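Trainee: Could you take me through one part of this model up close? I'd like to look at the nonpolar core and what sits around it.

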Amino acid sequence: MTEEQHQRELIRKRKWRKANPDKVKAYRKKMYSKHREKRIALTLRIRARNRDKYLAYMREHERNKRIEVRKLILDKLGRKCVQCGFSDERALQVDHIKGNGREELRRLGHRKFAKKVLEDEQGEEYQILCANCNTIKKVVNREVYRKYESERTSGEGK
Ligand SMILES: [Zn+2]
């Protein structure tokens with residue numbers, strides 16, 4: 001076959017494919033099921049090869065998302081500790097005013113928790129505390145709870 005014939009043949013095939021999209025689709029489907037396992041193996045190989053890249057991308061994406069959400073939360077709740085006024089953002093934490101924040105965080109996960117904080121219309125459920133004030137609050141609360149310690153631990157059977 002000369003080069004010219006070859007080119008003509010390619011053009012003819014291209015035209016045929018354009019005129020018969022259903023047949024092309026059916027053929028591809030048939031070939032896919034015929035070589036299904038090979039195709040799946042190939043896809044998995046490609047995915048594995050790009051896995052590190054993919055994971056790095058996802059990590060970066062999650063990180064940016066967290067930074068963005070944290071900014072929104074601080075915009076909403078303020079950028080200083082409501083207790084002592086400390087304002088270094090690196091040590092500011094979201095506090096559940098009525099306590100039990102840790103349980104809620106565990107139940108919802110970080111993302112849903114953040115969503116709930118941002119959707120809290122009245123602004124009565126959450127506040128910003130610095131790490132020190134937050135820790136002190138927890139210690140104080142635990143002293144309050146100590147009276148009920150046996151009741152509490154018996155409730156945590158899981
Ligand atoms: Zn504080």
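Mentor: Sure. Let's settle one term before we start: a nonpolar core here is a set of buried Ala, Val, Leu, Ile, Met, Phe, Trp, Tyr and Cys residues joined through C-beta atoms within 7 Å. Buried, in turn, means that 20 or more other C-beta atoms lie within 10 Å of a residue's own. Keep in mind that this is a predicted model.

With that in hand, the largest nonpolar core has 11 residues: Leu-77, Cys-81, Leu-92, Val-94, Phe-113, Val-117, Tyr-126, Ile-128, Leu-129, Cys-130 and Cys-133. Three elements, namely strand 1, helix 5 (101–119) and strand 2, each put in at least two residues of this core. Strand 2 gives the largest share, with four residues.

So start with strand 2, residues 126–130. Four of its five residues are buried, so you can call the strand mostly covered. Strand 2 also has the highest mean pLDDT among the elements of the chain, at 95. Its partner is strand 1 (residues 92–96); the two run antiparallel and are joined by five bridges. If you want a register point, look at Gln-93, which stands opposite Leu-129 in strand 2.

Next, pick out Cys-81, one of the core residues. Leaving aside residues up to four places away in sequence, Cys-81 touches Phe-86, Leu-92, Ile-128, Leu-129, Cys-130 and Cys-133.

Now swing over to helix 5, where you'll find Glu-104. With 16 other C-beta atoms within 10 Å, Glu-104 falls short of the 20 needed for burial, so it counts as partly exposed. Again leaving out residues up to four places away in sequence, Glu-104 touches His-96 and the core residue Phe-113.

Follow the chain on into the loop between helix 5 and strand 2 and you reach Gly-123. Gly-123 is exposed, because it has 12 other C-beta atoms within 10 Å and the cut-off for exposed is 12 or fewer. Even so, Gly-123 and Leu-77 are 7.8 Å apart, C-alpha to C-alpha, while 46 residues separate them in sequence.

Leu-77 takes us to helix 4, which covers residues 51–77. Its 27 residues should span 39 Å at 1.5 Å a residue, and the end C-alpha atoms are 38 Å apart, so the two figures agree. Just one of those 27 residues is buried, so helix 4 lies largely in the open. Just after helix 4, Gly-78 takes a positive phi of about 100°.

What about the other end of the chain's helix list? Helix 1 (residues 3–19) has zero buried residues among its 17. From first C-alpha to last, helix 1 reaches 24 Å, close to the 24 Å expected. Helix 2 (residues 21–34) also reads as expected, with end C-alpha atoms 20 Å apart against an expected 20 Å. Its 14 residues likewise include zero buried ones.

Stepping back, the chain has seven helices and two strands, in the order α-α-α-α-β-α-β-α-α. Of its 158 residues, 8% count as buried. Among contacts between residues at least 6 apart in sequence, 69% join residues at least 24 apart.

One last word on confidence. The mean pLDDT of the chain is 86, and 90% of the residues reach 70 or more. Helix 7 (residues 149–155) has the lowest mean among the elements, at 52. Where pLDDT is low, the predicted coordinates should not be read in detail.

Terms used
Residues numbered from 1 in each chain as written. Predicted model: local features only at pLDDT ≥ 70, side-chain atom pairs only at ≥ 80, totals over all residues. Expected span 1.5 Å × (residues − 1). pLDDT = per-residue confidence, 0-100. Pairing = 2+ DSSP bridges. Contact = placed C-beta atoms within 7 Å.
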